[in-house]
Amino acid sequence: MSMADVSIVVLVALFLATLVPRFNIGLAALPAAFLVGLAADRTADEVTAFFPGDFFVLLVGITALFAVAQINGTLDWLLDGVLRMVGGRALLVALVPFLVGAVLTAIGTLPAAATAIVAPIALGLAARYGIPPFIAAVLGITGIISGLLSPLAVFGTSANNLGEKMGLDLPGSAPVAFFLGGLLAGLVICSGCLVFGYRTGTMPRGRLTPVGEPDANLDASPDGASPDGASRDAEKPAGEEAGGRAPSPARGRYLTLGCLLAVVVLSVGFDINIGYLGLTAAVVQQLALRLDPNEIISRIPWNIVLLIGGLLTYVGLMQDLGAFTRISDLLRVDGSPMLSLLVLCYIAGVTSFAASSIAVFATTIPLVPAVVAEGASPVGAVLAVALASILVDINPLGITGGLILGAAKPEDRTPLFRQLLRCGLVSVVVGPALACFAFGWW
């Protein structure tokens, strides 16, 4: 058995081991790379050279920027404004989780963090307005999926950067195409979910009134007062204890919105590294708003940084050993690039059902160049594999499903689990095929 084959077997073992309680694939990927490297006569320095420093900067920069928006209350402020705007109109209330999820991931929030915010919003609205929990949950998850391929999101930036690294010669319009593809897929699923709700008679119509006690997290008055009567703006601003008077909450929000806008314009319009832009904007806000830097650092999802860093280090070693050439030869369907892409999409979809979508995507993308060499569209192939990886996230067995179930009322969890499981199993069968044939030609 060649070292390329050994590296493939170890990768499969790593993904299978995720089924074992308390096993962390990100933590295990680096020592796996080291040990396989030793067996292949690669030094530790050679293995370390595969660590994706650019992705490290990207993830830390974007999540630090988002952490500031959470700390100074900008995201809560935006959500309160949205809820006041929609009032009690049934369709608009149902769409709030979708819109919030899409905006959060589109500006760079990681899926797990976005789900942690969207889940209580979606299930809180469901309990308050009589919306079926399953529909509220699917709309929230679909919104998260819709924004995942934006030029600011981890999936979007990863798709573009990995495509370039693999020599796919992506056009300058690729980031926009990725974003539009993800948004279109999300809108189609969202529309289907709403049609299902109205056709079955489970979705309420007209103007809604609360059916239970107001959710404390959602019931904010126009003047910014919380339900217990205490004004949010009256709370002691972050950093005041450190000495001196901190800027007002309103100034902090405007500064954060301005920084987010600047990051979008400079990264998309002028092709400046978004990771360094995010870090710069986070530091500027930390100093201007007198925030505790440790609070920002603690909110960076280091487990995700380790996950992607470790896996991409191992993937780099696999490429060096020729493993992906070997896999491509096994998967290739001669004379039919679309069938080869379909096989690749199913591998991504089935694996993502029980594993991290971003991890699966990062390890599947190196197989795309062989499919493109046969005649598939570079943009379409990357987009199809990305969507195949994330469309199966509507299931209760991963982090997303766990957060959704945790936010549901106890009496709703068992039926919601069954509904999400059925939906997830259907998505595994249908999602990869739809992603391939709907977007593979882009």
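Is Arg42 buried, exposed or partly exposed, and what is its relative accessible area? In this predicted model, Arg42 is partly exposed, with a relative accessible area of 23%. The close-ups below begin with this arginine and its partner.

**View 1. Arg42 and Asp320 join distant parts of the chain in a salt bridge.** The two side chains meet at 2.7 Å, N to O. Arg42 sits in the loop between H2 and helix H3 (44-48), while Asp320 belongs to helix H14, 278 residues apart. Asp320, like its partner, counts as partly exposed, at 39% relative accessibility. Side chains of opposite charge can pair when their charged atoms come close. A search of the whole structure finds two salt bridges, and the next view turns to Glu295 and Arg299.

**View 2. Glu295 and Arg299 pair within helix H13.** Here the side chains meet in a salt bridge at 3.5 Å, N to O. Both residues lie in helix H13 (residues 293-299), four residues apart, or about one turn of the helix. An α-helix has 3.6 residues a turn, so residues three or four places apart point the same way. Glu295 is partly exposed at 30% relative accessibility, and Arg299 is partly exposed too, with a relative accessible area of 37%.

**View 3. Seven residues make a nonpolar patch on the surface.** Leu27, Leu30, Phe51, Phe56, Ile297, Trp302 and Leu306 together form a patch of about 590 Å². Helix H2 (25-39) and helix H14 (302-321) are the elements that give two or more residues to it. Take Leu306 as a landmark: this leucine is in helix H14 and is partly exposed, with a relative accessible area of 30%.

**View 4. Helix H21 has a kink at Val428.** The helix covers residues 410-439, and its kink of about 40 degrees lies shortly before the proline Pro432. Val428 and Pro432 are both among the buried residues of H21. Others to look for in that buried set include Leu416, Leu420, Gly424, Ser427, Gly431 and Phe439.

**View 5. Cys345 and Cys436 have their sulfurs 4.7 Å apart, without a disulfide.** If you are checking for disulfides, the count comes to zero. Cys345 is in no disulfide, and its nearest cysteine sulfur is that of Cys436. Cys345 itself is buried, with a relative accessible area of 0%, and Cys436 is one of the buried residues of H21. What about Cys423, and which cysteine has the sulfur closest to its own? The closest cysteine sulfur is in Cys193, 8.0 Å away, which is too far for a bond. A disulfide is a covalent bond between the sulfur atoms of two cysteines.

**View 6. Thr364 is a buried residue in helix H17.** Helix H17 spans residues 357-364, and Thr364 has a relative accessible area of 5%. Setting aside neighbours within four places in sequence, Thr364 is in contact with Leu344, Ala348 and Val385.

**View 7. Gly401 in helix H20 is buried.** You can find this glycine in the helix formed by residues 399-407, where Gly401 has 0% relative accessibility. Apart from neighbours within four places in sequence, Gly401 is in contact with Asn395 and Pro396. To orient yourself further, look for Thr115: the C-alpha atoms of Gly401 and Thr115 are separated by 8.9 Å, although the two residues are 286 residues apart along the chain.

Key:
Residues numbered from 1 in each chain as written. Predicted model: local features only at pLDDT ≥ 70, side-chain atom pairs only at ≥ 80, totals over all residues. Heavy atoms only, no water. Bend = angle between axes of the 7 residues up to and from the residue. Buried < 20%, exposed > 50% of the residue type's maximum accessible area, 1.4 Å probe, protein only. Patch = residues over 30% accessible without salt bridge, like charges linked within 9 Å, V, L, I, M, F, W, Y side chains within 5 Å. Areas by Shrake-Rupley, 256 points an atom, 1.4 Å probe, with all protein chains shown as cover. Salt bridge = Lys/Arg side-chain N within 4 Å of Asp/Glu carboxyl O. Contact = heavy atoms within 4.5 Å. Disulfide = S-S within 2.5 Å.
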